[in-house]
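Let's take a walk through this structure together, one region at a time. Keep the sequence and the 3D view handy as you read.

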Amino acid sequence: MWSSSGTEALVIGAGPAGLMAADILSARGKRVTLVDAKPSPARKFLMAGKSGLNLTRDEPHDKFVARFSDAAGWLKPMIDEFGPDAVQSWARSLGQEVFAGSTGKVFPLTMKASPLLRAWLARLGEQRVELRTRWRWQGWEGDRAVFDTPKGKRCVASDVTVLATGGASWARLGSDGAWVEPLRLNGVPLAPFAPSNVGVVVPWSDHMRTHFGSPVKNVALIAGDMVYRGEFVVSERGFEGGGIYDVSPAVREGSDVIIDLLPDIPFEKVADRLSVPRGKLSRSNFLRRKLGLDPVKIALLHEFGGRHLDGEDLVQAIKRLPMKHCGLGHLDEAISVAGGVTREAVDGRLMLIERPGVYCCGEMLDWDAPTGGYLLTACLATGRWAGLAAADRLDMLRD
C-alpha cells in the first residue's frame, strides 16, 4: 500500500534542530510538514532534560564559539546570529524564564524540558505545522521523499526539505544514523561516526569494586596541551561524567591522559609533605593525613601506579598518574557523536550540493562540542540557519 502527498516544506526529524527549522519556516508563512520516526517528538531532548535542561552557557561569545574546536569556523556565523543570549530570549518567548548557575550553565527555572517542549509544540500548532509521527524516512524516489509508516509506504513531494535526523547515539530515542545510506546513495560526502562525550573504559582489578559509584573530585585531567578541571565517577565499566567527557575527543584521537590527583598543590610541596618518616602508619593513612587524599584517589593511585611506589616515584604518580584504559565507550552510549555530513557536502546555507533544495542541520552535521549547553545551542542555531535558508529559497521560487 502506498500513497503520495505534497507540502511546501518538509522537515524530517523532530528534535531541537528540526523543531527550530519548522518554527522558522512556519513563522514565515510556509506550509510545513514535520515528520519523525518515533511515536512522539524530541525524545532525546526530553531525556537530556530529566536531570536539568542545560540550554546554553553564559560566557563570553568568543570563548563559547571556541569550544567547537575544528568546526568553530564553520558554525561561527550561525552561532553569531543565534548564540547564548538568543537562546535565552527564545526560551522566554515560550514562557520559560531562565537562570545561570555558578558555572555559567543556563537552565529553565522549572529545570525540565517538558514545559518548554509543550509550549513549543503549541506554537507550531498555532502556526499550522502538520506533525506526523512513526514516519521513518527511507530516502527518495525521484523528487519525492519516501517513508515507512504504520499505514504503509508514503511518498511526499516538497519544494524544500530540511533534514534534522540526529547523529548516531541513543538509537532507542531516535538518533540511529539510519539516514546515512540514503545520503551515501546520493553521493553526499560523509565522515565516519565516532563517539563523543562518553565514558572511558577501564579494566578494573577486583579491589576497585568497593569504589564503584564514587565521585572523583578536585583533580585535573591532562591530555596533550590541554588541562581540564572537573569531577567524574568511577563506574563498573570505567569512568563517567563531565570531567571525562571533556577529554573524550583527545582519547578518541589517541592522546594519553594524565591525572593530577592534587592540582592545587605543586610538585615540590607534595614532595616536602611526604619527606617525613611514615612510622607505623599504613601508606593509605599516611597519604590521607599528609595530603588529604580520600579513599577513591588512593585506590586510583594503587590501580594505575602500583602499591609499592615510594620517594620521588610516589610524588610523580600523585602529580602525573597515567590513566590506563581501553578507549571510549560504545557509540550508542555516547551523549553525542563526531562525524556525519561534512562541511564540503553543503554550501554556506547548509544546502546539500548534491541535492539542491535539501538542507541539513543539527547533530547529523560533522561537528563536535562538549556538554554544558554547547550541543543544544548549536542544534538550535543550525536548525534556524537551515530554516531561514529554506524559507528564502521558497520565496525565490515564488518570485
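A good place to start is with the cysteines: a search of the whole structure turns up 0 disulfides. Keep in mind that what you're looking at is a predicted model. A disulfide is a covalent bond between the sulfur atoms of two cysteines. Take Cys-360: the closest cysteine sulfur to its own belongs to Cys-361, and at 7.5 Å that is too far for a bond, because a disulfide needs the two sulfurs within 2.5 Å. Is Cys-360 buried or exposed? Its relative accessibility is 0%, so it counts as buried. Cys-326 makes a nice contrast, since its 53% relative accessibility puts it in the exposed class.

Now zoom out to the annotated regions. UniProt, in an unreviewed entry, places a domain called "RsdA/BaiN/AoA(So)-like Rossmann fold-like" at residues 8-387. That span is 33% helix and 23% strand, and its end C-alpha atoms lie 12 Å apart. The unreviewed entry also lists a second domain feature, "RsdA/BaiN/AoA(So)-like insert", at residues 195-336. Here the end C-alpha atoms are 7 Å apart, with 33% of the span in helix and 19% in strand.

Let's stay with the insert for a moment. Look for an open sheet of 4 strands, ordered E11-E16-E15-E12, with antiparallel pairing. Strand E11 (200-201) and strand E12 (215-216) sit at the edges; each has a single partner strand, so one side of each is left without a neighbour in the sheet. Strands of a sheet pair through backbone hydrogen bonds, either parallel or antiparallel. In this sheet, E12 and strand E15 (residues 232-234) are joined antiparallel over 2 bridges, and you can find Val-216 standing opposite Phe-232 of E15. What lies across E11, E15 and strand E16 (238-240)? That's helix H8 (residues 242-252), which runs at about 120 degrees to E16.

There's another open sheet to find, this one with 3 strands in the order E3-E5-E4, again paired antiparallel. Its edge strands are strand E3 (56-57) and strand E4 (98-100), each of which pairs on one side only. E4 and E5 are antiparallel and share 3 bridges; in one spot, Ala-100 has Val-106 of E5 as its bridge partner.

Follow the chain out of strand E5 (105-108) and, before helix H6 (114-126), you'll reach a loop that holds Met-111. Most residues other than glycine have a negative phi, and most peptide bonds are trans. Met-111, though, has a phi near 65 degrees, a positive value in a residue other than glycine. With 29% relative accessibility, Met-111 counts as partly exposed.

A similar story awaits at Arg-134, in the loop between strand E6 (130-133) and strand E7 (136-141). Arg-134 isn't a glycine either, yet its phi is positive, at about 60 degrees. Its relative accessible area is 45%, so Arg-134 is partly exposed. Just beyond, 5 bridges join E7 to strand E8 (residues 144-149), and the two run antiparallel. Arg-136 faces Asp-148 in E8. E7 and E8 form a hairpin with 2 residues between the strands, and there Gly-142 takes a positive phi near 65 degrees.

Time to look inside. In soluble globular proteins, nonpolar side chains tend to be buried together. The largest nonpolar core in this model has 83 residues, and the members that touch the most others are Phe-68, Trp-90, Leu-163, Leu-183, Val-341 and Trp-367. Which helix gives this core its largest share? It's helix H13 (residues 374-398), with 14 residues. Pick out Leu-183 and look around it: leaving aside residues up to four places away in sequence, its contacts include Trp-137, Trp-140, Leu-163, Val-341 and Met-364. A second, separate core has 42 residues, among them Ala-223, Val-234, Ile-259 and Ala-334.

One last stop is Gly-187, found in the loop between helix H7 (180-185) and strand E10 (190-196). Gly-187 has a relative accessibility of 42%, so it counts as partly exposed. Across from Gly-187, look for Ile-353: the two are 166 residues apart along the chain, but their C-alpha atoms are separated by 9.5 Å.

Conventions: Residues numbered from 1 in each chain as written. Predicted model: local features only at pLDDT ≥ 70, side-chain atom pairs only at ≥ 80, totals over all residues. Heavy atoms only, no water. UniProt positions renumbered as here; feature names shortened; annotations may be inferred. Pairing = 2+ DSSP bridges. Contact = heavy atoms within 4.5 Å. Axes fitted to C-alpha atoms, helices over the stretch in contact; angles between N-to-C directions. Core = buried A, V, L, I, M, F, W, Y, C linked by side-chain atoms within 4.5 Å. Buried < 20%, exposed > 50% of the residue type's maximum accessible area, 1.4 Å probe, protein only.
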